[in-house]
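User: Please take a close look at one part of this structure and describe how it is built into its surroundings. A single connected account would suit me best, with the wider context given wherever it helps.

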Amino acid sequence: MRRTKQIDVKRALALAGTFSFLCSCSKACLLPFLTLYFRQLGLSPSMTGIIMGAKHCVTLLWSPAAGVLSKRYNKRRVAISCSLVFSAAAALLLLLLPPVGTPGAQSGTCDASNLSSSKSLFDLTTSTKSQTLPTSTHKALVSATSPADSVGGSGPPNRNDTEHSEIQLSQGNASAVLNGSRREPAVVNTTVSSLVSAERSKRSVIPPDRVQGEPENSSGFLGSLKVMKIENQLFFLMLIIVSVWEWMAAPVEWTVDDGLYEYLDFADASDRHSSTEVWGLLGAACGVGGAGLVVGQLNCLIAAHISRSAVHFYSYAGLAVLALPVAVYLPLYLNKKRDRANGLLKALQLVYGSPCALLCAFTILLVGVVTSALENFLLWQMEDHGSTELHMGLSLALALLSQAAFPLLAGRVSKLLSPGRVLVVGAASLGLQCFYYSFLWGPWAALPAQVLSTFSSGALWWAVGIQCEDIATPGAERSIRRVYGSLCLHLGRGLGSFAGGFVVQRFGVTWLYRGVAIGLMAWCACLPVLQWKAPRQRRINYSRLLAADASEASDSESEPERDWLDKAMEDDRDNNNYERRIRH
């Protein structure tokens with residue numbers, strides 16, 4: 001006789017919560033600061049937007065496919081373990097790419113103390129290089145160290161709390177002279193090295209006549225990379241590595257969520273599946289706050305040629321490997337009767353058939369567009385106004401903690417506002433945040449707006465969950481949540497990243513935030529009217545009917561309707577007694 005395996009729900013939830021905490025902490029150590037790293041390497045805003053848009057597109061397409069394949073071949077645990085290991089390795093590959101010799105490659109997050117500590121090294125380097133560099137490079141050095149070119153991609157920085165730093169270079173030996181009362185942007189610590197690398201890259205570019213003479217060395221994709229500018233070479237290499245990295249990392253969340261839900265559903269405890277979400281938010285808050293706190297206290301260079309930004313990548317890889325033993329013991333169950341692919345198709349049909357659900361889906365699409373603008377360029381805006389990674393990490397951590405605190409207010413909010421109104425308030429709060437970020441004035445200026453994440457994230461997704469319950473048929477609620485949370489949101493993030501990069505390239509981060517804020521607020525003004533005009537299709541929720549109090553239901557019923565069940569039971573009892581008499 002085969003022994004039945006006992007199911008421990010508390011142990012399963014504890015392991016799932018630990019895994020969610022570690023994975024969210026790992027991602028938060030790196031992903032919020034990734035676009036800032038792109039800026040330090042010298043990528044333009046349009047290039048950054050294309051890379052992040054491609055990343056979201058890979059997640060949109062590959063996550064459902066990987067979940068279906070891992071379930072079909074019963075390889076969920078193998079897929080999770082391989083995804084953790086290979087994603088950590090792919091992320092470390094980004095550290096192998098050198099920065100380009102452009103002003104965008106200069107980091108503005110180094111403090112003045114870091115600049116003064118490396119002043120002697122700068123003097124020695126400039127005095128040596130000024131004798132060997134060509135005249136054009138020496139002129140470029142003088143022009144690159146001007147305050148107007150200290151930040152690349154989004155135009156000159158708007159720093160109201162700082163004064164311009166003057167750098168005077170003599171022909172014999174170049175010495176740095178800083179004039180400032182409170183804080184000076186540290187732009188000279190990487191100028192010489194970046195310009196030297198740029199000069200070397202210009203010399204290494206193959207001229208057109210030589211390319212025509214050596215067709216065998218320049219054929220194919222690698223040959224085309226050789227004749228490109230160094231910025232374009234870095235962009236294509238970064239695009240390939242980030243796409244491969246996301247292809248490795250995307251299956252984790254979807255696969256773990258499927259396995260855990262089916263495990264709890266087999267134990268009749270699927271209602272406790274959402275309890276692991278709060279651990280993900282707490283892990284993300286610890287990750288982004290801890291990474292910002294640690295990196296903000298380091299010098300610009302933690303080793304000979306290693307920037308302090310590498311700590312983000314090492315933290316991500318270390319926590320991903322740390323989550324690997326937990327993944328081995330994760331409670332996963334394979335329910336072969338449940339087809340998730342068909343579930344998503346049915347969920348799409350349910351959303352398409354409900355006007356209110358379509359309005360909610362379009363709202364989430366717009367929220368994804370606005371969220372991509374915040375994720376990609378908020379740290380750029382904060383850096384332009386004097387914020388270090390310490391300010392950035394603590395601000396983002398406060399936003400995540402505010403989002404995690406909304407369940408404490410959900411009861412009161414539900415009594416004051418309907419779910420449709422809560423959806424409007426959440427989207428409007430997000431638009432108000434964007435509009436506020438366009439008027440930053442100092443390092444800590446972004447901190448007060450993070451409290452609005454209680455409504456812009458917490459309340460918004462609570463309202464989406466209520467919308468899912470209203471239109472869902474039995475067993476389709478979770479699939480509808482994925483239509484909103486995965487498909488619509490990632491589609492909006494992808495489109496927003498592609499468009500936002502070009503907008504920042506042309507108009508700047510400030511006008512991007514003002515534009516998306518005005519657009520989202522205009523939609524929020526029209527949404528209540530559209531919700532009121534939309535026909536409502538109410539479905540019978542049998543679980544709520546069974547949970548209702550029988551005494552309250554009996555007050556509105558007549559006497560014959562109230563006793564029909566008792567009469568039916570009495571008739572059945574009489575029939576059974578009559579059959580027994582006949583048998584005897």
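Analyst: **Helix α11 in its surroundings**

Of the 584 residues of the protein, 47% count as buried, and this figure, like those that follow, is computed from a predicted model. The protein has 27 helices and zero strands. Among its contacts with a separation of 6 or more, 83% join residues that lie 24 or more positions apart along the chain.

The part chosen here is helix α11, which covers residues 230–249. Its 20 residues reach 28 Å from the first C-alpha to the last, close to the 28 Å expected at 1.5 Å a residue. The residues of α11 that are buried are Leu234, Phe235, Met238, Leu239, Ile241, Val242, Trp245, Glu246 and Ala249, a list that includes the charged residue Glu246. Those buried residues pack against six helices, namely α1 (9–30), α2 (34–41), α3 (45–72), α4 (76–92), α12 (251–266) and α14 (310–322).

One of these partners, α2, can be described in detail. Two packed helices are described by the angle between their axes and the distance between the axes. For α2 and α11, the axes come within 12 Å and cross at roughly 160°. Because that angle is over 145 degrees, α2 is roughly antiparallel to α11. The crossing in which α2 passes α11 is right-handed. On the α2 side the contact involves Leu34, Phe38 and Leu41, which meet Leu234, Met238, Val242 and Trp245 of α11. Sorted by type, the residues of this contact are seven nonpolar, no polar and no charged. Each of the four α11 residues in the contact, Leu234, Met238, Val242 and Trp245, also appears in the list of buried residues of that helix.

The partner α3 leads on to another packing, with helix α17 (residues 355–384), where the angle is about 145° and the axes are 10 Å apart. Here Pro45, Thr48, Met52 and His56 of α3 meet Glu375, Asn376, Phe377 and Trp380 of α17. The residues of this contact divide into four nonpolar, three polar and one charged.

Beyond α3, the chain passes through a loop to α4 that holds asparagine 74. Most residues other than glycine have a negative phi, and most peptide bonds are trans. Asparagine 74, however, has a phi near 55°, a positive value, and with a relative accessibility of 52% it counts as exposed, because the cut-off for that class is over 50%.

The partner α12 is likewise followed by a loop, which runs to α13 (277–296) and contains aspartate 268. Phi of aspartate 268 is also positive, near 55°, and this residue is exposed, with a relative accessible area of 70%.

Helix α13 itself has 20 residues and reaches 29 Å from its first C-alpha to its last, close to the 28 Å expected at 1.5 Å a residue. Its buried residues include Gly280, Gly283, Gly287, Gly289, Gly292 and Gly296, together with Ala284, Ala285 and Ala291. They pack against α1, α14 and α18, and two of these helices, α1 and α14, are also partners of the buried residues of α11.

How values were computed:
Residues numbered from 1 in each chain as written. Predicted model: local features only at pLDDT ≥ 70, side-chain atom pairs only at ≥ 80, totals over all residues. Heavy atoms only, no water. Helix = DSSP H or I, 4+ residues; strand = E, 2+ residues; numbered from the N terminus. Expected span 1.5 Å × (residues − 1). Buried < 20%, exposed > 50% of the residue type's maximum accessible area, 1.4 Å probe, protein only. Contact = heavy atoms within 4.5 Å. Axes fitted to C-alpha atoms, helices over the stretch in contact; angles between N-to-C directions. Parallel < 35°, antiparallel > 145°, perpendicular 65-115°, else oblique. Left-handed = near helix turned anticlockwise from the far one by under 90°.
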